[in-house]
Amino acid sequence: MKRKVVSVILCGTMVLGMVTGCGSSKGGDSGDKVTINLYQNKSEISSQLQEAADKYTEENPNVTINVESIQGNDYNTNLKAKLISDDSVDIYALGDNITNMTDYVEDLSDQEWLKNTVDGSLDDVTLDGKVYGIPVSVEGYGLVYNKEIFKDAGIDASTLTSYDAIDKAFADLQNQIDSGKLKDKYPQLEAVEEYAAKETWIPGLHTLNAPLACEYSSATELRNSDQLGLKYADSLKALLDLETKYTTSKDNLSKLNAVDYSSEIGGGLAIERVAVVQQGNWIGPELSGIDEEVANKMGILPLPLKGVKEDCIPTGISIYWCINSQSDDKEKEASKEFLNWLFQSDEGKQIVVNDFGFVPAFNNYDDVEITDTLSKEVKRYIDEGKTLPWVMGGFPSGYEPKAAADFQGYFSGEYTFDQMVDQLKADFVELKK
């Protein structure tokens, strides 16, 4: 995504003209029963999405929607297996470059919602002038932190806009944790941070994206490159140091390779065992489901690239939903009607913003207030122009798990940092062949 796109997204979503919301879809008017199978990779909204599907079927009783959600490393592999075996997938989250999915993407160029998308949001799902996916949300990530813990530690988070300031604050907070100063109010607090290196998308996509976003202007530019530059490798090293040396695994980084999403969020941030994680606004619904009071304490600090760009967060369209072109016509038509209802009806807009906690990728949500704490933070960074692009969409197919394995090899001691960088570059070149 080009940087100029993310800088106007929230302006567009909050300011541009309002379009009247759609009513119930026509799918319920037909006498034919139809079942839509939706397969997606955001498990943190799985229950909310099923509730939305159930609301839709109440209005359209001839339609049944089955939601299957999977988080993490296996989504792409499972999706392709399902598509190849014709295992009833009608709507799915795009987990790969659109050019690798051309046999399974329905042309959506005639859909009404296209006219309401923000500028540039369809770039990664457009081929030969045709649009093949709907942008699900704008997302941003950085160092999600517990504002109350920092306040009680006497740390003014508004001043944490540089690498050195963040590093100094984290060291101060860790010293207070170790001394027991915060024990009475936060009895479970044991470290400043947690880092879920087991999840391939955390190191292999989001962490790696940070230095690359300072080198490449867009996913397209990276996709067109035959080699991985990584000219800001030193800043990547500093970022990894910052994100790992204040964890409970600081003396044995190999332990990070066993930390997964649930232990980082549900067993970490949500219970105030740690105060900081590298995550984004997508974790809001899960935090609220565990402890709404804790969820409301969250803010986002920059993901600082030392000496390069230190007061920014990466933002962009992280997910697109596509319709399987191999589905029967009635499933495809019903799927289109459901997506139009979810993202363009008055009821659907409220669900997208308030239940899913998303920042919408459409410019006709004027009357829908963003209430999610972390989504408000993403909006603030975009409004202030403090964003980096998501260039990770330009990785060749299969690169995420290989890159993550390289990071994990570094944490385990298999590689030195320089060897990890060499391996990241070699894997990129190999998959580009």
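Two strands pair if DSSP finds at least two bridges between them. The exercises below use this rule and others on a predicted model.

**Exercise 1. Strand β10 and its partners**

Task: Establish how enclosed strand β10 (residues 313–323) is, and in which sense β11 (residues 387–388) runs beside β10.

Solution.
Step 1. A residue is buried when its relative accessible area is under 20%. In β10, 10 of the 11 residues are buried, so the strand is largely enclosed by the rest of the structure.
Step 2. Two bridges join β10 to β11, and the two strands run parallel. At least two bridges are required for pairing. In this pair Ile 313 stands opposite Thr 387 of β11.
Step 3. Strand β6 (residues 134–146) also pairs with β10, in the antiparallel sense and over six bridges. There, Ser 137 has Ile 319 of β10 as its bridge partner.
Step 4. A further antiparallel pairing, over three bridges, links β3 with β10. Tyr 92 is placed opposite Cys 322 of β10.

**Exercise 2. Strand β1 and the crossover**

Task: Find which sense the pairing of β1 and β2 has, and what hand the connection through α2 has.

Solution.
Step 1. Strand β1 (residues 34–40) is mostly covered, with six of its seven residues buried.
Step 2. Seven bridges connect β1 with strand β2 (residues 63–69), and the sense is parallel. Tyr 39 faces Glu 68 of β2 across this pairing.
Step 3. From β1 the chain passes through α2 to reach β2, a β-α-β crossover that is right-handed.
Step 4. β1 also pairs with strand β3 (residues 91–93), again in the parallel sense, over two bridges. Leu 38 has Ile 91 of β3 as its bridge partner.

**Exercise 3. Two helix packings of α12**

Task: Classify the angle between α2 and α12, then the angle between α12 and α13, and describe the residues of each contact.

Solution.
Step 1. Helix α2 (residues 46–59) packs against helix α12 (residues 329–344) at an angle of about 110°, and the axes are 11 Å apart. The angle makes α2 roughly perpendicular to α12, the class that covers 65 to 115 degrees.
Step 2. On the α2 side the contact includes Leu 49, Ala 52, Ala 53, Lys 55, Tyr 56 and Glu 59. On the α12 side are Ala 334, Glu 337, Phe 338, Trp 341 and Leu 342. By class, the residues of the contact of α2 with α12 are eight nonpolar, no polar and three charged.
Step 3. The axes of α12 and helix α13 (residues 346–355) come within 5 Å and cross at roughly 70°. α12 is therefore roughly perpendicular to α13.
Step 4. From α12, Trp 341, Leu 342, Phe 343 and Gln 344 make this contact. From α13 come Asp 346, Glu 347, Gly 348, Lys 349, Ile 351 and Val 352. The residues of the contact of α12 with α13 divide into five nonpolar, two polar and three charged.

**Exercise 4. Two serines**

Task: Decide for Ser 375 and for Ser 254 whether the residue is buried, partly exposed or exposed, and list the contacts of each.

Solution.
Step 1. Ser 375 belongs to helix α14 (residues 373–383). Its relative accessible area is 0%, so Ser 375 is buried.
Step 2. With neighbours within four places in sequence left aside, Ser 375 touches Asn 281, Gly 357, Phe 358, Val 359 and Ile 370.
Step 3. Ser 254 sits in the loop between α8 (233–244) and α9 (261–269). A relative accessible area of 28% makes Ser 254 partly exposed.
Step 4. With neighbours within four places in sequence left aside, Ser 254 is in contact with Phe 411 and Ser 412. Ser 254 and Gly 348 are 94 residues apart in sequence, and their C-alpha atoms are 44 Å apart in space.

**Exercise 5. Positive phi**

Task: State what phi Asp 128 has and what phi Leu 230 has, and whether each residue is buried or exposed.

Solution.
Step 1. Most residues other than glycine have a negative phi.
Step 2. Asp 128 is not a glycine, yet has a positive phi of about 50°. Asp 128 lies in the loop between β4 (126–127) and β5 (130–131). Its relative accessibility is 83%, so Asp 128 counts as exposed.
Step 3. Leu 230, not a glycine either, has a positive phi of about 50°. Leu 230 is located in the loop between α7 (219–223) and α8. With a relative accessible area of 3%, Leu 230 is buried.

Notes. Residues are numbered from 1 along each chain as its sequence is written. This is a predicted model: local features need pLDDT of at least 70, side-chain atom pairs count only at pLDDT 80 or more; totals for chains, interfaces and linings use all residues. Side-chain values use heavy atoms; hydrogens and water are left out. Axes are lines fitted to C-alpha atoms, for helices over the stretch in contact, and angles run from 0 to 180 degrees between N-to-C directions. Helices (H or I, at least four residues) and strands (E, at least two) are DSSP runs, numbered from the N terminus. Angles under 35 degrees count as roughly parallel, over 145 as roughly antiparallel, 65 to 115 as roughly perpendicular and the rest as oblique. Contact means heavy atoms within 4.5 Å. Ala, Val, Leu, Ile, Met, Phe, Trp, Tyr, Cys and Pro count as nonpolar, Asp, Glu, Lys and Arg as charged, and the others, Gly among them, as polar. Buried means under 20% relative accessible area, exposed over 50%, partly exposed in between (1.4 Å probe, protein chains only). A crossover is right-handed if, with the strands pointing away from the viewer, the path from the first strand over the helix to the second runs clockwise.
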